[in-house]
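Please walk through the charged side chains of this model, and then its main pocket. The account below takes them in turn.

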Amino acid sequence: MAVELYGEFMIPIFEPCFIGNEKKYLIDCIDTNWISSQGEYILKFEKALADFHGMKYAIVTSNCTTAIHLSLKSLGVGPRHEVICPDLTFIAPANMVILSGAKLVLVDIEPQTLTIDPNLIEEKITKNTKAIIVVHQFGHSAHMDEINTLAEKYKLKIIEDNAESIGARYKGKLLGTFGDVSTYSFFGNKIMTTGEGGAVLTDDEHTAIKCRELRDHGMNHKQKYHHVDLGYNYRMTNMQAAIGLAQMEKLDEILSLRKKQMEYYYNTLANVDGLKLRKYAEWCNPVHWLMTITLDDEYDRDTFLDYMKNNGIDCRQMINPVHHANHFNSQFTGDDFFNSVNISKQSVHLPSGLALTEKDISTISNAVKNYYIL
């Protein structure tokens, strides 16, 4: 379905999917005047998230970035600590490590899963290493057995960044249930959305309490207006939570629709010379977030993006490696991140909103194929 973008009608990269009670719950918030960070939908959404994952506690936040910050602080990460993070990820986890006062340690990715390479982690561990941030990238699980083994060996905390992969599984177990904490994004282009929003999940009561207190200005969870820590305002609104609850009620249906879209894309783009489709490890039950293709090295990604835009299709380049950011590039050498550099440079996301019809996906796929025969 084309919408107006850049002053032209284009197929957008993504659109949120509202097929449930979103409008009904929002109207209820307005009718009852519970619109800010207090209200019953906050608690209902937190319970729905926790129940879906079989976890004890969920703490909803203003976005995933603040959820990561709360996770780091609640686990005691601070000055003199080091935190390991994949080099190919959206930059939020890396930034939050620095804002927590710790040192950022980057590790290259494994080329099939696009997640942190477990074979490169141990050499980066020092006596100051406090935690590993695991990003389940684009719907695919990281190598959790190997990472858990290292965490146990060196007594490290694990933070799962599950922003893009809610509902995916590793060896049959839901992602977000392996680490000390897990974090989620409900931005408008995620599998489920609250517009902006995030969450922290944990089974540890102390961690949950600390996250809640830090989220609410460092206010004691039992004594209102008594502040026990230097906290933040990282709260979600009741209106956002209302949308989130409606999305949770339809999550299984959304995931099913997304799976069908991925299968249709894979069928229409199979065996196209010049590009690679992402393959999934046999131990992973992935979810579909964005359809990702990787161009062979002889093709220029930016030329491809311009071609697709000129054909009315809004695609996105892969995120840049973290070490390319201006505030990090003097601390790292690109020689250590061969996979993240090359995969980032050659990869593109195709439109993946659920408003796309099979005809739309055929149009997109035909444009991709035509690029290679020009």
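Which residues are linked in a network of salt bridges? In this predicted model, the network is made up of Glu46, Arg212, Arg215 and Asp216. The structure holds twelve salt bridges. Side chains of opposite charge can pair when their charged atoms come close.

Three further pairs can be taken one by one. In helix α2, which spans residues 40-53, Asp51 and Lys47 sit four residues apart, about one turn of the helix. Their side chains form a salt bridge with an N to O distance of 2.6 Å. Asp51 is partly exposed at 48% relative accessible area, while Lys47 is exposed at 52%.

The side chains of Lys171 and Asp145 also meet in a salt bridge, at 2.5 Å from N to O. This pair links distant parts of the chain, 26 residues apart: Lys171 belongs to the loop between β8 (169-170) and β9 (173-174), and Asp145 belongs to helix α5 (residues 144-154). Lys171 is exposed, with 52% relative accessible area; Asp145 counts as partly exposed at 35%.

A salt bridge of 2.8 Å, N to O, joins the side chains of Asp314 and Arg316. Here Asp314 is buried, with a relative accessible area of 6%, and Arg316 is partly exposed at 35%.

Glu22, in helix α1 (residues 22-32), is a charged residue without such a partner. Glu22 is buried yet has no salt bridge. The nearest side chain of opposite charge is that of Lys250, 8.4 Å away; a salt bridge is counted within 4 Å, so this pair does not qualify. Polar atoms do lie around the Glu22 side chain. One of its polar atoms is 3.0 Å from the backbone nitrogen of Gly20, and a polar contact of 2.8 Å joins the side chains of Glu22 and Gln247. Leaving aside neighbours within four places in sequence, Glu22 is in contact with Cys17, Ile243, Ala246 and Gln247.

The last feature is the largest pocket, which has a volume of about 580 Å³. It is lined by 27 residues, and the closest to its centre are Phe90, Glu164, Asn189, Lys190 and Trp289. Two or more lining residues come from each of α3 (64-74), α4 (92-99) and β15 (316-317). Helix α3 gives the largest share, three residues.

Note on methods:
Residues are numbered from 1 along each chain as its sequence is written. This is a predicted model: local features need pLDDT of at least 70, side-chain atom pairs count only at pLDDT 80 or more; totals for chains, interfaces and linings use all residues. Side-chain values use heavy atoms; hydrogens and water are left out. Buried means under 20% relative accessible area, exposed over 50%, partly exposed in between (1.4 Å probe, protein chains only). Lys and Arg count as positive and Asp and Glu as negative; His and the chain ends are not counted. A polar contact is a pair of N or O atoms within 3.5 Å; within protein, one must be able to donate a hydrogen and the other to accept it, and residues adjacent in sequence count only if both atoms are side-chain atoms. Contact means heavy atoms within 4.5 Å. On a 1 Å grid over the protein atoms alone, a cavity is a set of points where a 1.4 Å probe fits but cannot get out, and a pocket is an open set with protein on both sides within 12 Å along at least five of seven lines; lining residues have an atom within 4 Å of a point. Grid points are joined across faces, edges and corners, and a volume is the space filled by probe spheres set on the points.
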